[in-house]
Amino acid sequence: MLLVTGDTMIPGNRMLMVILLCQVLLGGNNHASLIPETGKKKVAEIQGGRRSGQSNELLRDFEVTLLQMFGLRRRPQPSKDVVVPAYMRDLYRLQSAEEDDELQEISMEYPERPASRANTVRSFHHEEHLENLPGIAENTSFRFMFNLSSIPENEVISSAELRLYREQINHGPAWEEGFHRINIYEVMKPLKENGHTITRLLDTRLIHHNVTQWESFDVSPAVMRWTREKQKNHGLAIEVIHLNQTKTYQGKHVRISRSLLPQGDTDWSQIRPLLITFSHDGRGHTLIRRSKRSPKQQRPRKKNKHCRRHSLYVDFSDVGWNDWIVAPPGYQAFYCHGDCPFPLADHLNSTNHAVVQTLVNSVNSSIPKACCVPTELSAISMLYLDENDKVVLKNYQEMVVEGCGCR
């Protein structure tokens, strides 16, 4: 990589280069080990001399470049009351294959099918001040309005689900009568002259009283109409109906509104309805769940200067981004550095061209040696807040060096 080794930079490493340059220009405490001595001198000249203004301008340019890689127009400034849903945190842990003891605490199943067609997951809370708007059919409890305007136009929605939290009922109807049906509708047209709305049933579920869990409903047709087909978003409607009654049963065990919560319940921020979208921006691979991998064992090399992988930890707090990047706090990026001597050994993972180039260099020094560069790169998943305080889980390609070679 250009910043660390002086070798030719490949496009897949641009994000790492920008992060590290930002660390240097911001004067982070941990940047000393990330660059060679010659680089430190140049940075000191810029920061301590008359070119400090140019340094700030470079920093702004680097930040803009990196934000563009994230698909962001500006640096997010999260509000103090923003809430990261537990579902998104758990999905990140499952996706990233964190430590086994943490994964055992997660009760949800990984959404294999929707994730297999997406590289981005977004979450949306409904706008509570709009849930009691007029125009809902008499037997429908609440209307949910989700603002999806923050979804970029280049992202194609592959699926969407509405998640509702319900709690076990320990008393009430007899066991054999202890069922409710939850219906989810798309509001096609709001209030008409006859006092009724036009709705379309999206999903329905018959549930028993005796379980506390999240219920997921497929609302993909509605979300695709609003995003892909640019149709008017009139929201979703939900009704909770007792199996043996004809009128709506507003069971307080189904957390569809803050107004239905028992007094003293303070967990609304984590149990309120949640809309999840799975999409793909056309870049890189989909969200394939990773299995926990054992760290690669490297043979000890005493004073070996040959091309190999070196440790490089990128800490987002060093660039002041830990306020909007939820997870990970940083990651092991690694970098490639070392000589590509003649003759090239097999363990240097060289191409035929590199072998020829090194051979020519041995007799003609005007021809440069082969460079030590990444030959295998892997992705990482990142959980962060966008400019609109929406929580995003995204898969970023070519972020971790898995192998090095002479090329």
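Accessible areas are derived here by the Shrake-Rupley method with a 1.4 Å probe. On this basis, the accessible surface of the chain in this predicted model comes to about 21,700 Å², and carbon and sulfur atoms contribute 48% of that surface. The chain contains 407 residues, of which 47% are buried. Its secondary structure consists of ten helices and 15 strands. Contacts across the sequence were also examined: among those between residues at least 6 apart, 72% join residues at least 24 apart.

Salt bridges were then considered, and the structure holds 14 of them. One is formed between the side chains of glutamate 161 and arginine 163, with an N to O distance of 3.7 Å. Glutamate 161 has a relative accessibility of 14% and therefore counts as buried, the cut-off for burial being under 20%. Arginine 163, with a relative accessible area of 11%, is likewise assigned as buried.

A further salt bridge pairs glutamate 215 with arginine 166, and the closest N and O atoms of the two residues lie 2.7 Å apart. This pair links distant parts of the chain, since glutamate 215 belongs to strand 6 (residues 213-218) and arginine 166 to strand 3 (residues 156-166), with their positions 49 residues apart in the numbering. Glutamate 215 is buried, because its relative accessible area is 6%. For arginine 166 the relative accessible area is 4%, so this residue is also buried.

Strands 4 and 5 are connected by another such interaction. Here the side chains of arginine 200 and glutamate 186 meet in a salt bridge, at 2.8 Å from N to O. Arginine 200 is located in strand 5 (residues 198-208) and glutamate 186 in strand 4 (residues 179-189); the two residues are 14 apart, and the pair links distant parts of the chain. The burial of the two partners was assessed separately. Glutamate 186 has a relative accessible area of 0% and is therefore buried. Arginine 200, by contrast, counts as partly exposed because its relative accessibility is 33%, a value in the range between the limits of 20% for buried and 50% for exposed residues.

Salt bridges that share partners also occur, and they join Arg122, Glu155, Asp281, Asp386 and Lys394 into one network.

Conventions:
Residues numbered from 1 in each chain as written. Predicted model: local features only at pLDDT ≥ 70, side-chain atom pairs only at ≥ 80, totals over all residues. Heavy atoms only, no water. Salt bridge = Lys/Arg side-chain N within 4 Å of Asp/Glu carboxyl O. Buried < 20%, exposed > 50% of the residue type's maximum accessible area, 1.4 Å probe, protein only. Helix = DSSP H or I, 4+ residues; strand = E, 2+ residues; numbered from the N terminus. Contact = heavy atoms within 4.5 Å.
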